[in-house]
Amino acid sequence: MTGRPKRKAAEHALQQLTTKRTARSTHPTKPVATIEDEDKGKVAEAEPAISKKRNITKGSGSADGAEDDKASPKPKPKPQGKANKPVTDVVDQSDEKEETGTTGPRCWLMKAEPETRMEKGVDVKFSIDDLEEKTTSCWDGVRSYEARNHMRAMKVGDPVFFYHSNCKLPGIAGLAEVHKEAYPDYSAWDPKHPYFDPKTDKDNPKWEMVDVKFVRKLRRFISLKELQSHKDGALKNMFLIKRGRLSVQPVGQPEWEFILSLEDLNE
């Protein structure tokens, strides 16, 4: 009889031990529900951050944009070194190229009188044939400030249309090129010269000239009348059509090429 109580006591102790082990395995220190709640909290905390990032696209003028500026870290200043050139430098460089003519040769038209005309007892005739005979010649006698300024802008090698003016049939007779850049026109100091100017002197020259070189005659003469027939087309902006009286004038590159294309028409 005394063995049964001991046996029951041992079974009871074993049952309590089993119950404690089961409780430990089924009830960890931190409940699963608490972990899930924390995960939910992390997701909830992440959502406002995502919303803030999306609100950046609203622009700096919006309240959301201002908040984003505060929340986002400010960019670190760049280390001091070689500074980038301002935009104005680029513009200045391009302007300088245009002024100095480094973009390429400019084209010109220069007028001369191919028929005899006496001026103060001197024949001022000078045709494309005369230039061909001389090969090179100074272009003196220009007494227009605007025409003089055009000659000042000329560079050696610039192409020139040799134009017959103040005659029965005005037009382009041949091609020349600038052989020497602008220098004082000494004919203005000569009292015997047809274009003497008493208001200028050697110490303060007012007029200048260039030297031109013969290139060739055109394969056919292109008259002013023919050029004027294109005043509403390819030559609508040509200086000669708009202001025909100026003796030295610029010619645009498209106009130059178009006029040369006329050379082989109606031969």
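In this predicted model, Arg-220 and Glu-226 are joined by a salt bridge, with their closest N and O atoms 2.6 Å apart. Both partners are hidden from the surface: Arg-220 is buried, and Glu-226 is buried as well. As a general point, side chains of opposite charge can pair when their charged atoms come close. Across the model, the count of such salt bridges comes to 13.

A second pair is found in Asp-129 and Lys-217, whose side chains meet in a salt bridge at 2.5 Å from N to O. Asp-129 belongs to helix H5 (residues 128-134) and Lys-217 to strand E7 (residues 208-223), so this pair ties together parts of the chain that are 88 residues apart in sequence. Here the setting is partly open: Asp-129 has a relative accessibility of 41% and so counts as partly exposed, and Lys-217, at 38%, also counts as partly exposed.

Helix H5 also holds Asp-130. With a relative accessibility of 18%, Asp-130 counts as buried, because the cut-off for that class is under 20%. Its neighbour Asp-129, by contrast, is partly exposed at 41%. The side chain of Asp-130 reaches the backbone nitrogen of Ser-127, at 2.9 Å.

Another salt bridge links Arg-117 with Glu-119, and the closest N and O atoms of this pair are 2.7 Å apart. Arg-117 has a relative accessible area of 27%, which means that this residue is partly exposed. Glu-119 falls into the partly exposed class too, with a relative accessible area of 25%.

Salt bridges can also be followed beyond single pairs. Arg-216, Arg-219, Glu-263 and Asp-264 are linked in a network of salt bridges. One member of this network, Glu-263, sits in the segment after helix H9 (253-262). Glu-263 has a relative accessibility of 1% and therefore counts as buried. The side chain of Glu-263 also reaches the backbone nitrogen of Arg-219, at 2.7 Å. Arg-219 is thus tied to Glu-263 through this backbone contact, and Arg-219 and Glu-263 are both members of the salt-bridge network.

Turning to the strands, E1 and E8 pair in the antiparallel sense over 4 bridges. Within this pairing, Met-110 has Val-248 of E8 as its bridge partner. Strand E8 (residues 248-251) sends its side chains in two directions: Val-248 and Pro-250 point one way, while Gln-249 and Val-251 point the other way. All four of these residues are buried, whichever way they point.

Strand E1 leads on to the largest pocket. In general, rolling a probe the size of a water molecule over the atoms shows where empty space is left. The largest pocket holds about 940 Å³ of space. Its lining is made of 33 residues, and those nearest the centre are Lys-111, Ala-112, Glu-113, Asp-140 and Tyr-195. Several elements give two or more residues to this lining, namely strands E1 (107-112), E3 (122-123) and E4 (136-138) together with helices H7 (224-228) and H8 (239-242). In terms of chemistry, the lining divides into 15 nonpolar, 9 polar and 9 charged residues.

How values were computed. Residues are numbered from 1 along each chain as its sequence is written. This is a predicted model: local features need pLDDT of at least 70, side-chain atom pairs count only at pLDDT 80 or more; totals for chains, interfaces and linings use all residues. Side-chain values use heavy atoms; hydrogens and water are left out. On a 1 Å grid over the protein atoms alone, a cavity is a set of points where a 1.4 Å probe fits but cannot get out, and a pocket is an open set with protein on both sides within 12 Å along at least five of seven lines; lining residues have an atom within 4 Å of a point. Grid points are joined across faces, edges and corners, and a volume is the space filled by probe spheres set on the points. Ala, Val, Leu, Ile, Met, Phe, Trp, Tyr, Cys and Pro count as nonpolar, Asp, Glu, Lys and Arg as charged, and the others, Gly among them, as polar. A salt bridge is a side-chain nitrogen of Lys or Arg within 4 Å of a carboxyl oxygen of Asp or Glu. Buried means under 20% relative accessible area, exposed over 50%, partly exposed in between (1.4 Å probe, protein chains only). A polar contact is a pair of N or O atoms within 3.5 Å; within protein, one must be able to donate a hydrogen and the other to accept it, and residues adjacent in sequence count only if both atoms are side-chain atoms. Two strands pair if DSSP finds at least two bridges between them.
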